[in-house]
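Student: Got a minute to go through a model with me? I'd like to talk about how two of the chains meet.

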4 protein chains.
Amino acid sequence: MIPRYSRPEMVAIWSPETKFRIWFEIEAHACDAMADLGVIPQENAAAVWKAQDVEFDVARIDEIERETKHDVIAFLTHLAEIIGNDEARFVHQGMTSSDVLDTTLNVQLTRAADILIADMEALLAALKRRAFETKDMVRIGRSHGIHAEPTTMGLTFARFYAEMFRNLRRLKTARAEVATGAISGAVGTFANIDPAVEEHVCAKMGLLPEPISTQVIPRDRHAAFFAALGVVASSIENIATEIRHMQRTEVLEAEEFFSKGQKGSSAMPHKRNPVLTENLTGLARLVRGMVTPALENVTLWHERDISHSSVERMIGPDATVTLDFALARLTNVVENLVVYPDRMLDNMNRFRGLVMSQRVLLALTQAGVSREDAYKLVQRNAMKVWEQGADFQTELLADDDVRAALSEEEIREKFDLGYHTKHVDTIFTRVFGD
Amino acid sequence: MIPRYSRPEMVAIWSPETKFRIWFEIEAHACDAMADLGVIPQENAAAVWKAQDVEFDVARIDEIERETKHDVIAFLTHLAEIIGNDEARFVHQGMTSSDVLDTTLNVQLTRAADILIADMEALLAALKRRAFETKDMVRIGRSHGIHAEPTTMGLTFARFYAEMFRNLRRLKTARAEVATGAISGAVGTFANIDPAVEEHVCAKMGLLPEPISTQVIPRDRHAAFFAALGVVASSIENIATEIRHMQRTEVLEAEEFFSKGQKGSSAMPHKRNPVLTENLTGLARLVRGMVTPALENVTLWHERDISHSSVERMIGPDATVTLDFALARLTNVVENLVVYPDRMLDNMNRFRGLVMSQRVLLALTQAGVSREDAYKLVQRNAMKVWEQGADFQTELLADDDVRAALSEEEIREKFDLGYHTKHVDTIFTRVFGD
Amino acid sequence: MIPRYSRPEMVAIWSPETKFRIWFEIEAHACDAMADLGVIPQENAAAVWKAQDVEFDVARIDEIERETKHDVIAFLTHLAEIIGNDEARFVHQGMTSSDVLDTTLNVQLTRAADILIADMEALLAALKRRAFETKDMVRIGRSHGIHAEPTTMGLTFARFYAEMFRNLRRLKTARAEVATGAISGAVGTFANIDPAVEEHVCAKMGLLPEPISTQVIPRDRHAAFFAALGVVASSIENIATEIRHMQRTEVLEAEEFFSKGQKGSSAMPHKRNPVLTENLTGLARLVRGMVTPALENVTLWHERDISHSSVERMIGPDATVTLDFALARLTNVVENLVVYPDRMLDNMNRFRGLVMSQRVLLALTQAGVSREDAYKLVQRNAMKVWEQGADFQTELLADDDVRAALSEEEIREKFDLGYHTKHVDTIFTRVFGD
Amino acid sequence: MIPRYSRPEMVAIWSPETKFRIWFEIEAHACDAMADLGVIPQENAAAVWKAQDVEFDVARIDEIERETKHDVIAFLTHLAEIIGNDEARFVHQGMTSSDVLDTTLNVQLTRAADILIADMEALLAALKRRAFETKDMVRIGRSHGIHAEPTTMGLTFARFYAEMFRNLRRLKTARAEVATGAISGAVGTFANIDPAVEEHVCAKMGLLPEPISTQVIPRDRHAAFFAALGVVASSIENIATEIRHMQRTEVLEAEEFFSKGQKGSSAMPHKRNPVLTENLTGLARLVRGMVTPALENVTLWHERDISHSSVERMIGPDATVTLDFALARLTNVVENLVVYPDRMLDNMNRFRGLVMSQRVLLALTQAGVSREDAYKLVQRNAMKVWEQGADFQTELLADDDVRAALSEEEIREKFDLGYHTKHVDTIFTRVFGD
């Protein structure tokens with residue numbers, strides 16, 4: 001997590017203040033549940049809530065931790081300083097640190113997921129708007145980086161929309177994966193605490209009770225969570241790469257928005273670098289690199305070892321903060337992408353009609369020319385275009401053997417772009433609905 | 001994919017024979033659809049089905065491919081040899097190779113997923129049976145590899161069940177991710193083929209039409225598929241590691257099944273190695289290693305580049321074959337795992353009651369002893385156990401200060417295992433339902 | 001390892017025949033050493049060599065293994081069938097299977113490294129040849145995919161040479177990492193075998209004795225080996241990506257060689273796909289994906305667990321075979337790459353001199369124009385080029401304010417390509433020596 | 001990089017203050033070189049050094065960057081504020097930002113490597129001391145977690161020493177990989193700056209000139225650097241795992257040092273958790289997770305794209321800071337590890353001599369008993385040990401058939417531990433030299 005690639009709302013989820021606030025809520029709700037069960041006095045449970053609106057003193061808690069070498073005890077000591085030692089004496093009763101820590105992590109992850117989901121919805125809105133805006137903007141489709149057949153800019157945005165819509169679904173599934181809590185004790189048997197406490201706390205914290213935990217919530221959940229983030233990051237790179245390609249000097253079908261204030265642009269107007277999407281490419285690598293550590297975290301010894309903890313201290317904030325930033329940056333890029341329809345046409349016409357050779361070949365065979373002869377006819381005209389810079393349609397129209405098989409109208413029809421765009425609306429309906 | 005770690009049913013999915021059969025079906029169904037649309041003659045569509053029960057000659061297809069350097073053309077040529085050149089002349093019309101190849105890959109992946117899902121269900125059945133069988137078999141729960149509080153063997157199986165049940169869900173989601181097909185042409189515009197063909201073929205092949213494709217089906221789908229396999233593999237390692245720990249000489253609470261025939265066991269009866277679960281640990285690393293290449297595959301240039309193809313040729317078979325083998329091996333290990341309840345008790349009692357020190361401490365404070373004094377009381381008796389090999393309960397009963405606070409009955413009750421197992425049924429109900 | 005991406009020499013290293021031949025040599029050399037030590041009779045040691053030229057019957061060994069469930073015993077049994085039971089009775093004495101298996105793996109890996117090193121040397125030769133051939137072939141250098149300043153095609157080949165030369169060094173280091181053997185017994189103490197045996201066998205097999213082994217050779221060595229392969233693969237992708245970029249329709253400064261026989265090319269002369277380098281991109285992902293499993297293999301329990309074995313059975317052949325194929329393919333691509341110097345110039349001149357704007361700006365300030373004014377002067381002429389398609393040099397020459405600061409000659413000099421290539425020879429000397 | 005797992009010296013390398021100081025030095029040395037070449041006036045070069053002892057105002061630089069959106073320009077502006085606008089006017093002449101940024105990164109990485117090398121030397125010293133201290137401390141060697149043959153604690157430390165010594169070598173190689181600088185201009189052609197400047201700056205900064213760069217130093221170097229860190233991290237996990245195993249309740253052959261002050265230990269003396277080595281396991285996962293992003297960074301478009309930058313901003317500090325912390329923590333753990341030789345013997349004797357069954361078997365066959373009969377003899381006595389808790393040596397001595405082949409002395413000799421430790425000194429000499 002580096003400030004340069006961070007946004008405050010997501011960063012706040014991982015602050016000590018937020019963490020202690022969640023710890024407090026878990027402890028307070030647990031006291032309520034224990035009071036309802038008659039395990040502790042109602043007045044003690046009620047007293048805890050005195051700290052509800054008090055800001056915890058992080059420096060003070062750190063100070064106590066340096067002594068006790070235990071973060072949860074340090075917090076509880078500070079809490080007792082606020083609500084009174086006597087009032088606090090039942091707080092955390094029957095619980096283990098992991099009950100608080102693991103449930104807190106999942107509260108943080110679900111809140112982080114909520115932000116990512118909102119980010120994704122914003123990105124989807126931008127992609128949809130741009131898709132409809134450029135629905136019929138013809139550009140050449142490319143396979144292997146080589147011109148293939150015409151498509152439209154709108155279809156490009158539409159497929160990114162569809163991809164990110166799948167990612168929205170994946171993020172929602174990922175959120176559900178980690179939306180559980182556990183207050184089940186040292187090895188998960190509820191020996192010292194009633195399952196009803198877990199149920200109450202989870203309900204209040206917006207989580208489901210983990211059906212069976214050990215000292216910790218099982219880490220396959222977190223692995224699935226981070227794996228989903230890795231897929232989303234990879235899709236971000238996919239879009240970023242398309243834009244980087246479109247912006248390269250020789251293609252220049254689109255550019256990242258360049259604010260007037262950014263100097264240097266007008267003296268070297270060709271030198272507008274797609275630095276945002278290049279940056280997104282790097283950020284994608286980072287998020288992807290966190291998937292494997294999360295997968296390795298699944299294996300814990302017996303009822304728990306703590307190897308997962310240092311990993312999560314880093315990738316919990318890093319993966320969510322970085323992905324949040326990346327989604328927001330991409331949304332901004334998509335929103336403001338400058339598209340150049342004229343350049344799209346220029347590029348498509350670079351080989352003066354050759355991209356239509358396939359259609360002409362087909363038409364010749366359908367007109368009864370043998371496949372071998374048709375190929376030769378197309379070839380000899382194609383080579384004139386390729387080697388002498390001629391125009392393919394013109395050459396075909398002037399070729400008697402071609403004209404013997406196809407009328408002028410038939411030839412001209414083969415160069416009609418409408419042939420390629422006739423199903424765009426169908427596809428849009430598939431993607432965006434009616 | 002190495003024979004040693006492969007099972008025939010999964011291997012068959014990836015055979016040339018299966019591949020060509022799927023290609024045939026796609027082409028034949030596409031002809032049907034085109035005939036229905038009036039694009040090609042009904043009799044030509046019907047003629048294709050003549051190859052329905054003919055076995056394709058893989059060697060012959062390879063031979064043609066060596067000439068044409070194109071696999072789909074080689075197949076189509078062979079198909080024409082079977083059904084007749086004239087009858088075959090409309091086969092593949094308006095389609096591109098990728099229409100066939102990509103749709104085929106997804107047919108293979110969904111079939112592979114079906115096997116993995118069945119594997120998982122078998123594993124779940126085994127875990128469930130063992131869980132109920134050992135539900136009340138008490139063993140020590142461990143955090144950090146160190147004795148913590150009692151739990152039961154059944155809870156261990158039950159949590160693996162719950163984890164694998166989540167993995168079953170993930171596998172089903174993964175299957176749905178890749179259960180799409182595309183017959184949409186060179187850049188996905190349906191320029192040369194009607195979307196109705198795609199719909200018909202997909203319906204017949206058990207797939208949904210990909211809402212928007214380019215030359216290929218978008219690779220975020222496959223990335224999500226392989227990522228899910230990586231999570232499953234990590235869970236396999238989790239279970240394998242638990243068993244490896246249980247079998248180590250000093251623990252020996254369980255052993256992989258050892259067939260009578262396996263020599264060497266009785267002259268060195270202690271030397272039964274958990275080689276199956278060690279092997280599963282390695283297999284998990286392999287499957288996990290295929291996640292990142294799949295994530296890197298998401299980014300393709302423009303409407304497609306073919307960089308993903310070599311990756312999928314390897315990880316498609318490797319990941320599914322290896323995971324299938326691993327799931328089956330794990331099921332076998334779980335089914336036949338020999339458990340040693342006496343050793344579980346021996347291990348638990350290794351420190352003669354010390355694991356109960358926490359409960360005694362709590363009881364003393366609840367009986368009014370100050371926390372500090374209670375700690376000292378527990379400590380002095382604990383050290384006798386630790387240093388002199390005494391029995392904790394005996395020492396406590398003989399300590400007057402302890403007895404001043406707790407009666408004999410109260411002390412004995414602290415060593416009651418029932419305290420720790422009282423919620424096992426509740427947890428089982430959560431996991432397995434009523 | 002898939003046949004499509006394999007070459008026979010490397011595949012042969014991993015064949016059962018090769019494996020058994022290495023096993024035989026290790027056992028035979030060990031017998032010699034033991035005979036020299038007087039531990040076994042000389043005639044028994046000598047007898048083993050009777051199998052020197054006998055081809056082992058893999059099917060027979062497999063058959064025995066199915067019975068004994070032990071591969072080394074199966075081999076020894078077959079060996080005894082060849083040289084006689086009595087003669088064979090001291091073979092393998094005091095050794096454990098891992099002594100043979102681990103030493104064999106390292107023989108295979110060093111042989112594989114030898115091939116990779118030879119592959120790399122061939123690639124280097126090709127890169128060097130192409131570098132000198134194109135040393136002065138001017139093309140535009142690009143940062144962020146955007147035109148920056150002129151460079152030469154030769155410098156591109158030269159930097160790939162330098163990168164691969166570093167990789168050659170890394171491969172040699174990697175080879176040394178795994179060039180050790182161990183004949184040290186069940187836990188590495190030489191309890192049952194003299195260290196002199198290890199020394200003799202290693203010397204004969206071209207290895208150094210592992211200074212301290214357990215049951216196995218430590219796996220940090222293999223991790224370093226596979227990590228080096230991952231770096232090499234990434235460099236392959238780097239070169240492949242450059243070529244893919246050069247071949248894309250709008251750039252077309254180079255093309256993978258296209259054999260006359262490959263059909264389709266002349267009817268769609270623009271449609272020559274860089275499929276070889278796209279394929280190399282995918283192969284790089286595969287090799288890279290094997291690094292992490294190799295790193296995970298480093299951690300083994302105590303004196304060994306066998307989790308590493310299944311990983312190595314797959315990645316040993318897969319990584320070396322795939323990398324060998326990739327290096328050879330890349331060499332072929334480099335050897336035969338068709339370069340288009342005219343297109344390089346066309347591309348460079350696409351913006352009619354604008355890439356020189358930086359030099360003009362500098363010259364103006366050096367001529368005493370304030371930075372601000374100089375910028376405005378450059379800008380107003382640059383915008384004419386950008387917006388109206390004018391020529392930058394022409395515009396500058398016609399701009400009175402510019403001419404007030406710079407003479408015609410001075411302006412023209414700014415567009416001299418020699419300015420950019422003046423240090424090419426220096427760089428070549430750095431890279432290739434004098 | 002999280003404070004909890006960071007040490008100040010390494011963190012300081014990555015501070016803005018250090019970065020700006022290095023930037024300054026590069027710029028100042030470059031001015032010196034340019035003055036020597038006569039390109040700029042000597043007095044201007046000299047003037048730059050006025051900032052030598054001035055602390056740069058990071059907040060001020062940040063402020064300027066917010067305006068200019070360019071970090072290097074912001075720094076140069078601040079530098080001019082210090083040394084005077086006029087004096088500063090030749091600073092950075094002919095250079096590009098990457099010249100400064102890339103050279104700086106490598107200065108930071110080599111400094112980080114120096115710390116890691118010193119860390120490693122400290123770890124080696126600790127391992128060596130513990131190895132000699134425990135050279136003859138017998139413990140059971142284990143394969144598959146199962147008792148195999150005796151070894152010594154000293155051999156365990158010695159093999160970790162040998163492994164880390166290899167890692168020291170790898171770190172030194174890694175340092176050399178990144179110990180290059182480049183001052184070669186926008187696309188690496190030295191068009192605007194003489195190669196002599198690069199040579200001078202590199203010499204002063206302790207680097208070698210990069211033989212051929214583009215806008216950036218090639219990233220295969222950094223990939224190799226981070227890959228080496230990943231190997232080191234994996235070795236750390238290897239040692240950490242051994243210690244975690246030794247500390248688990250049932251083994252307890254060693255424990256992480258537990259300070260008297262750490263509460264809770266004496267009331268639950270069995271509950272000393274190996275949290276440091278568990279933590280190291282997690283940290284290893286983190287460092288390993290940064291290898292793949294570094295490998296992906298190798299591929300840059302043409303003369304550079306900036307995708308690598310965000311990756312390096314994160315993994316540069318994170319990988320080095322985390323590894324530095326991990327090495328120091330491990331050194332501390334090794335230094336203070338409490339070893340329990342009595343428990344080692346207890347564990348070894350757990351099966352009352354059965355680990356010697358292999359030697360007895362061998363002795364019987366060497367005494368002329370057929371292999372089959374020898375096996376039966378060993379087996380029937382082994383089973384008494386296994387099933388009835390008898391002592392293996394006693395049983396053998398009482399077995400007439402065994403005694404018919406072996407004398408009492410011969411039998412007793414088979415249980416002599418000296419047999420297993422006789423080559424320990426040889427191995428130590430191999431590892432540590434004479």
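Tutor: Sure. Two residues are in contact if their C-beta atoms, placed from the backbone, lie within 7 Å. This is a predicted model, where local features need pLDDT of at least 70, side-chain atom pairs count only at pLDDT 80 or more, and totals for chains, interfaces and linings use all residues. Residues are numbered from 1 along each chain as its sequence is written, while chains are lettered from A and ligands numbered from 1 in the order in which they are written.

Student: How many residues does the contact take from chain D and from chain A?

Tutor: 27 residues from chain D and 27 residues from chain A.

Student: Which helices of chain D supply at least two residues each to the side that touches chain A?

Tutor: α10 (275-289), α11 (291-296) and α12 (307-336); helices here are DSSP runs (H or I, at least four residues), numbered from the N terminus. The largest share, 9 residues, comes from α10(D).

Student: And what turn lays chain D on chain A?

Tutor: A turn of 180° with a shift of 0.0 Å along the axis, giving an RMSD of 0.0 Å. That is the relation of a two-fold axis. The superposition is by least squares on C-alpha atoms of residues with pLDDT of at least 70 in both copies. The same surface serves both copies, as 100% of the contact residues of chain D recur in chain A.

Student: Which residue of chain D comes closest to the rotation axis?

Tutor: Gly289(D), with its C-alpha at 2.7 Å.
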